[in-house]
Amino acid sequence: VAAGGNLLSVKQILMQFGGLKALNQVNLDIVKGSVHGLIGPNGSGKSTMMNVLTGIYQPTAGKVEFKGKTISGSTPSAIALGGVARTFQNVQLFGEMSATENVLVGLHHSYRSNVLDVIFNTRRYRNEEQAARVRAAGILQFVGLSDLAHEEARNLPYGKQRLLEIGRALGLNPELLLLDEPAAGLTAPDIKDLIAIIHKIRQQGMTIILIEHHMDVVMSISDTVTVLDFGQKIAEGKPIAIQVDPKVIEAYLGG
Ligand code: ADP
Ligand code: MG
């Protein structure tokens, strides 16, 4: 996909839970290299969209195309290995593992060693292990956690845990990164760090979908913003237009 083309296209997605249409005929195009904000009141379907995009939910109808190929119907791990990584609305780290080990978990997919390489500690395995550790150190530096590399994840302050989650997702070297409310629960200085990191990620050419409640964060970073309300897309456009869109204001005030 060339810069400016659609990296991801969501076509007529319907996600039904019993009688509830959590997503109702939603179309969404994500331009390669962009930061795409996804907002809407609580319960409007944002996290459901993330779960559909990453294969955790199978849509009731419609499809998701990534780089022109249908990915809806694939497993979450196939989609992740295919280049779509995510963080979760609630932190999901390996608490008793160090920050470095949490990032290494994301890196292991690129190993070529097999179980015998591991058992016999072959040169191939040692080289890969070494390369992965160098890469993990680079990622921790990228998200500003070098000093905490050896800390157990559960002992990190909450804001740092959220940054570590982003680091672990970056370990997959994704083309598309989905962030579900990364600023939730962060202090103002942590939010500043987060914004700087998102800018750096995008400078590397990665495409980002950002779900976020903090309007100033979404509006300052996003190229395009899509607004969901009761599972339907009610507005889409540049932040400057979205902020003053009467339908959007109504959705937030009326919700
Ligand atoms: P948001 O992230 O925008 O706050 P969600 O996508 O989490 O909203 O939820 C959208 C709607 O779908 C809510 O009404 C929620 O209760 C419902 N929902 C989400 N996941 C499930 C599920 N697994 N089973 C039943 N209902 C669900
Ligand atoms: Mg949510």
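**Exercise 1. Which residues of α6 are buried?**

Find the buried residues of helix α6 in this predicted model, then say what they pack against.

Solution.
Step 1. Locate the helix: α6 covers residues 158-170. Helix α6 has 13 residues and reaches 19 Å from its first C-alpha to its last, close to the 18 Å expected at 1.5 Å a residue.
Step 2. Apply the cut-off: a residue is buried if 20 or more other C-beta atoms lie within 10 Å of its own.
Step 3. List the residues that pass. The buried residues of α6 are Lys-160, Gln-161, Arg-162, Leu-163, Leu-164, Glu-165, Ile-166, Gly-167, Arg-168, Ala-169 and Leu-170.
Step 4. Draw the conclusion. Because 11 of the 13 residues of α6 are buried, this helix is largely enclosed by the rest of the structure.
Step 5. Name the surroundings. The buried residues of α6 pack against the strands β6 (84-86) and β7 (176-180), and against the helices α3, α5 (123-142) and α7 (188-203).

**Exercise 2. How confident is the model?**

Report the confidence scores before reading details from the coordinates.

Solution.
Step 1. Recall the reason for the check: where pLDDT is low, the predicted coordinates should not be read in detail.
Step 2. Look up the values. The protein has a mean pLDDT of 93, and 99% of its residues reach 70 or more.
Step 3. Add the global scores, which are ipTM 0.98 and pTM 0.92.

**Exercise 3. Two packings of helix α3**

Describe how α3 packs with α6 and with α5.

Solution.
Step 1. Choose the quantities. Two packed helices are described by the angle between their axes and the distance between the axes.
Step 2. Take α3 (residues 99-107) with α6: the angle is about 35 degrees and the axes are 7 Å apart. The crossing of α3 past α6 is right-handed.
Step 3. Name the residues of this contact. From α3 come Ala-99, Asn-102, Val-103, Val-105 and Gly-106, and from α6 come Leu-164, Gly-167, Arg-168 and Ala-169. Sorted by type, the contact of α3 with α6 has five nonpolar residues, three polar and one charged.
Step 4. Take α3 with α5: the axes come within 9 Å and cross at roughly 115 degrees. Helix α3 also passes α5 in a right-handed crossing.
Step 5. Name the residues again. Helix α3 supplies Ala-99, Thr-100, Val-103, Leu-104 and Leu-107, while α5 supplies Ala-132, Arg-135, Ala-136, Ile-139 and Leu-140. The contact of α3 with α5 divides into eight nonpolar residues, one polar and one charged.
Step 6. Look for overlap. Ala-99 and Val-103 of α3 appear in the contact with α6 and in the contact with α5.

**Exercise 4. Is Arg-162 buried or exposed?**

Classify Arg-162 and list its contacts.

Solution.
Step 1. Place the residue: Arg-162 lies in helix α6.
Step 2. Count its neighbours. Arg-162 has 26 C-beta neighbours inside 10 Å, so it counts as buried.
Step 3. Leave aside neighbours within four places in sequence; Arg-162 is then in contact with Val-91, Pro-182 and Leu-186.
Step 4. Set sequence beside space. Arg-162 and Leu-93 are 69 residues apart in sequence, and their C-alpha atoms are 9.0 Å apart.

**Exercise 5. Loop residues and a helix residue**

Place Lys-67, Glu-181, Gly-144 and Ile-240, and classify each by its neighbour count.

Solution.
Step 1. Lys-67 is in the loop between β4 (61-66) and β5 (69-70). Its phi is near 55 degrees, a positive value in a residue other than glycine. Lys-67 counts as partly exposed because it has 17 C-beta neighbours inside 10 Å.
Step 2. Glu-181 is in the loop between β7 and α7. Its phi, near 50 degrees, is also positive in a residue other than glycine. With 21 other C-beta atoms within 10 Å, Glu-181 is buried.
Step 3. Gly-144 lies in the loop between α5 and α6. Having 15 C-beta neighbours inside 10 Å, Gly-144 counts as partly exposed. Not counting residues up to four places away in sequence, Gly-144 touches Leu-163 and Asp-193. Gly-144 and Leu-163 are 19 residues apart in sequence and 8.1 Å apart from C-alpha to C-alpha.
Step 4. Ile-240 is in helix α9 (residues 239-242). With 9 other C-beta atoms within 10 Å, Ile-240 is exposed. Ile-240 and Arg-133 are 107 residues apart in sequence and 42 Å apart in space, C-alpha to C-alpha.

Note on methods
Residues numbered from 1 in each chain as written. Chains lettered and ligands numbered in written order. Predicted model: local features only at pLDDT ≥ 70, side-chain atom pairs only at ≥ 80, totals over all residues. Axes fitted to C-alpha atoms, helices over the stretch in contact; angles between N-to-C directions. Helix = DSSP H or I, 4+ residues; strand = E, 2+ residues; numbered from the N terminus. Left-handed = near helix turned anticlockwise from the far one by under 90°. Contact = placed C-beta atoms within 7 Å. Nonpolar A, V, L, I, M, F, W, Y, C, P; charged D, E, K, R; others polar. Expected span 1.5 Å × (residues − 1). Buried ≥ 20, exposed ≤ 12 C-beta atoms within 10 Å, placed from the backbone. pLDDT = per-residue confidence, 0-100.
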